Amino acid sequence: MSYSQNDIKFFVGMFPQKSFNDNTCHLIPSFGNMGIIETDEGLVVFDIALKQYGPRNFQAVRDITQKPIKYLIYSHGHFDHCYGFEPFISEIKENGWEMPQIIAHENCLNRFAKYQMLDEYHKWLNAQQFASVAGSQDEVVSPHDVLEPTIILDGKTPYRFELGGLEFELNHDKGETDDSLWLWVSEKELVCSGDLMISSYPNVGNPYKVQRYPKHWALAMEHILQKDAKYIIPGHGPLIEGKEKVRDVLEITAEAMHFVHDEVVQRLNEGKWFEQIFHEMLEIYPEKFKAHDYLKPLYGDYRFAIHAVYRLYHGWYDSGNPSDLFPAKSEEIAIEFLKLNNAHKYYNHAKMLLDNNKYQLALYILDILIKGHRLIDEELYLDTLILKNKILKEKAIQEPSFIVRNILNNGAKQIKSRIKSIKNERSKRNIHTQGMGNGY
Ligand SMILES: [Zn+2]
């Protein structure tokens, strides 16, 4: 499978629904996916997606089967996996059916409590990370509206239950989160993986989010491999189908996670600081990972993963340079640079860097002008903002990563509104001056 650079459609569930195993197993494409396993006694549902997707998913499930839900499993407590329950619960209440068992790992409860504590913060954060996803950001997150788990697992040993003559086995592994569960249904040769598998490079070092677990992620892949599954319903993206494909995807992901973990660890042991580790890691990244369909940096990204490993074992002082221990304000530093040299030289230098495709260096030089803008004339300030906006947008076009693109485009948008307000101020000033002129 190949994805176009700007295509995150698969990630938000815009691909065909899939039924398999004689139409007893179903992948409901969504943000994130729902996995449905039909038995003679009812349904086992793995994940129930984002709140807004609830009505759509309810319709999709009821177009397939009228059987009641007996078990609902949370792969982990993220918003896109366990908040889309409302229409399903309404149906249960309307029909006077028994409530299903809701299964989660015990750390999921801590997560729900954390989301309630940090509600406003998460809204702000997710609005940035998911800026390009259509629809209202305001309603994405509703942490007080939770369907509480009824069976809470500590994950130390597999948890097994039976329904309609099928055995369901839940296992706990850390990866994207510390509360993840994956499901094994041996009669169906099926794994429901949650976000341990997202058809992208694993989301292991998300720049906005808390610590993730690269080494455990590799181990999770190896645990799943032992099942010799024929199908994986991933947390995001289409069904992974066929023993060979399943094996390949799990093996390469395990290998990629071991690689980033072990190489950063080796460099920590060699007494290196983050910057050196980061750039060395970029140089040694193997082609076979770059080229693999399931390691494309569409959501997670190797560059993020380097941070994840470093952060897992290292404190916040990451440069080894005492100047950085208690940094001065960057605006004040910029002003000192501008006192040393003509502002236009910085601008021209940034343009030259851009002409030589040195985008990142050009940004640093432009930031001196932007941060120290009270020392430069307005015309140059505007030109600088326009140039930075252009660079960010060009970088975004070249980026395969959805998260990186959003960060760059958010920055470009902020600059654009700054340009607009400066121009507005200026035209108001001009009107004012003209008015004065006419008056005399
Ligand atoms: Zn997810």
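User: Which residue of β10 is the bridge partner of His172?

Analyst: The bridge partner of His172 in β10 is Leu181. The model is a predicted one, in which local features require pLDDT of at least 70 and side-chain atom pairs count only at pLDDT 80 or more, while totals for chains, interfaces and linings use all residues. Residue numbers start from 1 along each chain as its sequence is written.

User: What makes β9 and β10 a pair of strands?

Analyst: A strand is a DSSP run of E with at least two residues, a helix is a run of H or I with at least four, and both are numbered from the N terminus. Strands pair if DSSP finds at least two bridges between them. Strand β9 (residues 166-172) and strand β10 (residues 181-185) are joined by four bridges and run antiparallel, so they count as paired under that rule. Glu169 stands opposite Trp184 in β10.

User: How do you know that β8 is paired with β9?

Analyst: Five bridges link β8 and β9, in the antiparallel sense, and this count therefore satisfies the rule for pairing. Phe161 stands opposite Phe168 in β9. The hairpin of these strands has two residues between them, and Gly164 takes a positive phi near 55 degrees there.

User: Why are β8 and β13 described as standing at the edges?

Analyst: The open sheet has six strands in the order β8-β9-β10-β11-β12-β13, with mixed pairing. Because β8 (159-163) and β13 (240-241) each have a single partner strand, one side of each is left without a neighbour in the sheet.

User: Which strands stand at the edges of the seven-stranded sheet, and why?

Analyst: This open sheet, also of mixed pairing, follows the order β1-β2-β3-β4-β5-β6-β7. Its edges are β1 (18-20) and β7 (151-153), because each has a single partner strand and thus one side without a neighbour in the sheet. From one strand to the next, the twist averages 15 degrees.

User: What makes β4 and β5 a pair, and in which sense do they run?

Analyst: Strand β4 (residues 42-46) and strand β5 (residues 69-73) share four bridges in the parallel sense, so the bridge rule is met. Within this pair, Val44 has Tyr71 of β5 as its bridge partner.

User: How do you know that helices pack on this sheet, and which strands do they touch?

Analyst: Residues are in contact if their C-beta atoms, placed from the backbone, lie within 7 Å. Helix α1 (residues 54-64) touches β1, β2 (25-28) and β3 (34-39), and its direction makes about 155 degrees with that of β2. Helix α4 (residues 106-117) touches β6 (101-105) and β7, at about 85 degrees to the direction of β6. Such angles run from 0 to 180 degrees between N-to-C directions, and axes are lines fitted to C-alpha atoms, for helices over the stretch in contact.

User: What is notable in the loops between β1 and β2 and between β2 and β3?

Analyst: Asp22, in the loop between β1 and β2, has a positive phi of about 55 degrees although it is not a glycine. Gly32 lies in the loop between β2 and β3, and the peptide bond from Phe31 to Gly32 is cis, with omega near -5 degrees.

User: Why is α11 called roughly perpendicular to α13?

Analyst: The axes of α11 (residues 330-340) and α13 (residues 359-371) come within 8 Å and cross at roughly 100 degrees. Angles of 65 to 115 degrees count as roughly perpendicular, those under 35 as roughly parallel, those over 145 as roughly antiparallel, and the rest as oblique. The crossing therefore makes α11 roughly perpendicular to α13. The contact consists of Ser330, Glu331, Ala334, Phe337 and Leu338 of α11 with Asp367, Ile368 and Lys371 of α13.

User: What makes α7 oblique to α8?

Analyst: Helix α7 (residues 243-269) and helix α8 (residues 274-284) have axes that come within 11 Å and cross at roughly 140 degrees. That value makes α7 oblique to α8. In this contact, Glu263, Val264 and Arg267 of α7 meet Ile277, Glu280, Met281 and Ile284 of α8.

User: How do you know where the domains lie, and how many residues of each are in contact?

Analyst: The bounds come from an automatic or database domain assignment, which gives domain 1 (18-313) and domain 2 (328-439). Their C-alpha centres lie 40 Å apart. Eleven residues of domain 1 are in contact with nine residues of domain 2.

Conventions: Contact = placed C-beta atoms within 7 Å.
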